[in-house]
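Dear colleague,

I am handing over the structure we discussed, with the sequence alongside, and below it you will find my notes on what came out of the analysis. Please read them with the coordinates open.

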Amino acid sequence: MYNKSTLIKNSSGLHARPASEFIACAKQFDSKITIGRKDSEENANAKSIIMLLSLGLGKGETVEICATGEDETKAVDMLIELIESGFGEI
């Protein structure tokens with residue numbers, strides 16, 4: 001298991017368009033990947049748009065991405081990088 005945290009910078013958080021990009025990136029990996037608020041037990045499957053949007057992750061929230069599998073490190077690092085890029089919105 002490998003995990004990392006980052007801060008959401010987008011003014012509207014992980015709304016539909018960035019969430020779609022996030023899901024598309026997560027689906028490239030074989031690992032099981034989850035995302036959730038840091039220090040919260042509520043997590044979502046990072047490959048499910050409905051589950052991700054149900055978290056309602058907004059600007060300024062710290063999220064933790066966790067992966068388990070052969071490509072776990074690469075998966076988490078790429079998803080963290082994507083969030084930190086602001087999805088081209090900032």
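The protein chain contains three helices and four strands, and when it is read along the sequence these elements follow the pattern β-α-β-β-α-β-α. Because its radius of gyration of 11 Å is close to the 12 Å that the globule rule gives for 90 residues, the chain is as compact as a globular protein of that length. Please keep in mind throughout that this is a predicted model.

As for overall dimensions, the C-alpha atoms fill a box of roughly 35 × 25 × 20 Å along the principal axes. Of the 90 residues, 42% are buried, and the protein chain exposes about 4800 Å², with carbon and sulfur atoms supplying 50% of that area. If one takes the contacts between residues at least 6 apart in sequence, 74% of them join residues at least 24 apart. The chain carries 10 positive and 14 negative charges, and the mean positions of these two sets are 4 Å apart.

Turning to the strands, strand 2, which covers residues 32-37, runs antiparallel to strand 4, residues 62-68, and six bridges join the two; within this pairing, I35 stands opposite I65 of strand 4. Strand 2 also pairs with strand 3, residues 43-45, again in the antiparallel sense and over three bridges, and here G36 has N43 in strand 3 as its bridge partner. Five residues lie between the strands in the hairpin that strand 2 and strand 3 form, and in this hairpin D39 takes a positive phi near 65°.

One residue that you may wish to look at separately is K47, which lies in the loop between strand 3 and helix 2, the latter spanning 49-55. Is K47 buried or exposed, or does it fall in between? Its relative accessible area is 23%, and since buried would require a value under 20% and exposed a value over 50%, K47 is classed as partly exposed. Leaving aside residues up to four places away in sequence, K47 touches I23, A26, K27, F29, D30, S31 and I33. By contrast with those contacts, K59 is twelve residues from K47 along the chain, and the C-alpha atoms of K47 and K59 are separated by 21 Å.

With best regards

How values were computed. Residues are numbered from 1 along each chain as its sequence is written. This is a predicted model: local features need pLDDT of at least 70, side-chain atom pairs count only at pLDDT 80 or more; totals for chains, interfaces and linings use all residues. Side-chain values use heavy atoms; hydrogens and water are left out. The radius of gyration is taken over C-alpha atoms; the globule rule is 2.2 Å times the number of residues to the power 0.38. Buried means under 20% relative accessible area, exposed over 50%, partly exposed in between (1.4 Å probe, protein chains only). Contact means heavy atoms within 4.5 Å. Accessible areas come from the Shrake-Rupley method with a 1.4 Å probe; for residues, only the protein chains shown count as cover. Lys and Arg count as positive and Asp and Glu as negative; His and the chain ends are not counted. The place of a charge is taken as NZ of Lys, CZ of Arg, CG of Asp or CD of Glu. Two strands pair if DSSP finds at least two bridges between them.
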